[in-house]
Amino acid sequence: MFAHKLETIFLLSALLLSFLHFCLSVLGILFLRTSSVHSEIIHQKLYLNGDSRSQPHDEAMSPWQLFLSNQYFMALPLALIGITLLFSLISRGFYVGRFPCSNLYESLIFFACALAFVATFIQFKYKLSSLNWPACLIVMAMLVYAVWLPSSQKEATPLLPALDSYWRAIHVPALLLSYTFLLVSGFCSGFYLFRFYSKAHSIKDNQKENQLGFLSELVYRCTSAGFALLTFGIVTGALWANHSWGNLWQWDPKENLALMTWFCYGAYLHLRLSNKVNGVTLAWLNALGVLAIYMTYIGINQFDLGGLHTYGKV
C-alpha cells in the first residue's frame with residue numbers, strides 16, 4: 001500500500017506541476033509579446049526623433065523577461081514533470097508487481113511521462129520553447145483523465161490471459177513513444193500553419209520563410225522517428241497477436257485504426273520526400289494524423305467500437 005500512496009503522491013504532484021508550468025508558459029507568451037510590442041514602439045519613437053541609438057535586446061529586458069525567454073530554464077519544469085511521472089510509474093510497478101503498462105490508467109501515465117521527456121529533448125536540441133504550453137496542456141489533460149478513471153482501473157488486479165506476455169513490455173511502450181513523437185510533430189504542424197496564415201507585419205518575409213523551413217524540417221524529423229516506432233509497434237503487435245490468438249491480423253477495429261494511422265503518416269513521408277505538395281498541405285496532413293492517433297488510442301474505447309482491445313474501456 002505504501003507504493004500505491006507514493007504513486008498517487010507523485011501523480012498528483014506532476015498534475016500540479018503541469019498546471020503551474022502551463023500557466024507560466026502562457027504568461028510568458030503574453031508578457032513577452034506585450035514587452036516586444038512596447039519595445040518596438042520605443043524604438044520607433046527614437047527613430048522618428050532622429051535618435052539612431054539601438055540597444056541590444058537583452059539589455060532592455062528585465063530579469064523576469066530573460067527567465068521567460070530562456071528555453072533552457074523554461075524546459076526544466078517539464079523535465080521535472082517527466083521525472084515525477086517516472087517515479088509514479090516505478091511506484092506503480094512495485095504496487096502491481098509487473099511492468100506498469102497493461103490498462104488505460106497506466107498507459108496514460110506512461111504517455112504523459114514520455115511526452116514530457118520528448119518535449120524537453122526537442123526544446124533543448126532545437127530551442128523551441130513554444131512546445132511548453134501545448135505539451136503541458138496535453139500532459140495535464142492525460143493526468144486529469146487518469147485521475148478521473150474509476151478505481152477498478154487503478155487497483156492491482158490479475159492480468160487478462162492475453163496481456164500476460166513479455167510482448168506487452170515491447171509492443172505497448174513502442175506505440176506510446178511513437179504517439180508522443182507524432183503528437184509533437186502535430187504541435188509543430190500547428191505552429192507552421194499559424195505562422196503561415198499569420199498577418200503580423202513585424203515579421204519580414206525572409207524571416208518568415210526561415211521559420212517555416214525550420215518548422216517543416218522539425219515536423220519531418222519528429223514524424224520520421226514516430227513512424228519508425230509506430231511500424232515497430234504494429235509489427236510486434238502482430239507477433240503478439242499470433243502468439244496469443246494464433247493469427248497475425250484479426251482485422252480488429254483498433255488494428256484497423258492503427259493501420260490507417262500508419263498509412264496517414266506514410267503518405268506524409270512519401271509526399272514530403274517526393275516534393276509533390278507544398279508545406280501547407282503537408283502540415284494539414286500531419287495534423288490529420290493527430291486525429292487518427294486519438295481515435296486509435298482513446299477514441300476506440302470512448303466510442304465503444306468493440307473488438308479484442310477492450311481492456312482500456314472505462
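Which residues do ring pairs link into a cluster with Tyr-179? Select Phe-111, Tyr-179 and Tyr-297 together: ring pairs join these three into a cluster. Keep in mind as you click around that this is a predicted model.

Stay with the aromatics for a moment. The count of aromatic pairs comes to nine. For one of them, show Trp-262 and Phe-263 as sticks. Their ring centres are 5.3 Å apart and their planes meet at 75°, which is over the 60 degrees needed, so this pair is edge-to-face. Now turn on the surface around Trp-262: this residue is partly exposed, with a relative accessible area of 26%.

Next, look for charges over rings. Pick Arg-272 and Tyr-220, and you'll find the charged end of Arg-272 over the ring of Tyr-220, 4.6 Å from its centre. Then jump to Lys-125, which lies over the face of Tyr-126, at 5.6 Å from the ring centre.

Last stop, the cavities. Searching the whole structure turns up two of 30 Å³ or more, and the largest has a volume of about 50 Å³. To see its walls, select Ser-189, Tyr-192, Ser-216, Val-219, Tyr-268, Gly-279, Leu-282, Ala-283 and Asn-286. Colour by helix and you'll see that H6 (168–197), H7 (205–245) and H9 (279–302) are the elements giving two or more residues each to this lining. H9 gives the most, with four residues. Switch to colouring by residue type, and the lining splits into five nonpolar and four polar residues, with no charged ones.

Key
Residues numbered from 1 in each chain as written. Predicted model: local features only at pLDDT ≥ 70, side-chain atom pairs only at ≥ 80, totals over all residues. Heavy atoms only, no water. 1 Å grid on protein atoms, 1.4 Å probe; cavity = no way out; pocket = protein on both sides within 12 Å on 5 of 7 lines; lining within 4 Å. Points joined across faces, edges and corners; volume = space filled by probe spheres on them. Nonpolar A, V, L, I, M, F, W, Y, C, P; charged D, E, K, R; others polar. Phe/Tyr/Trp six-rings, centres within 6.5 Å; stacked < 30°, edge-to-face > 60°. Buried < 20%, exposed > 50% of the residue type's maximum accessible area, 1.4 Å probe, protein only. Lys NZ or Arg CZ within 6 Å of the ring centre and 35° of its normal.
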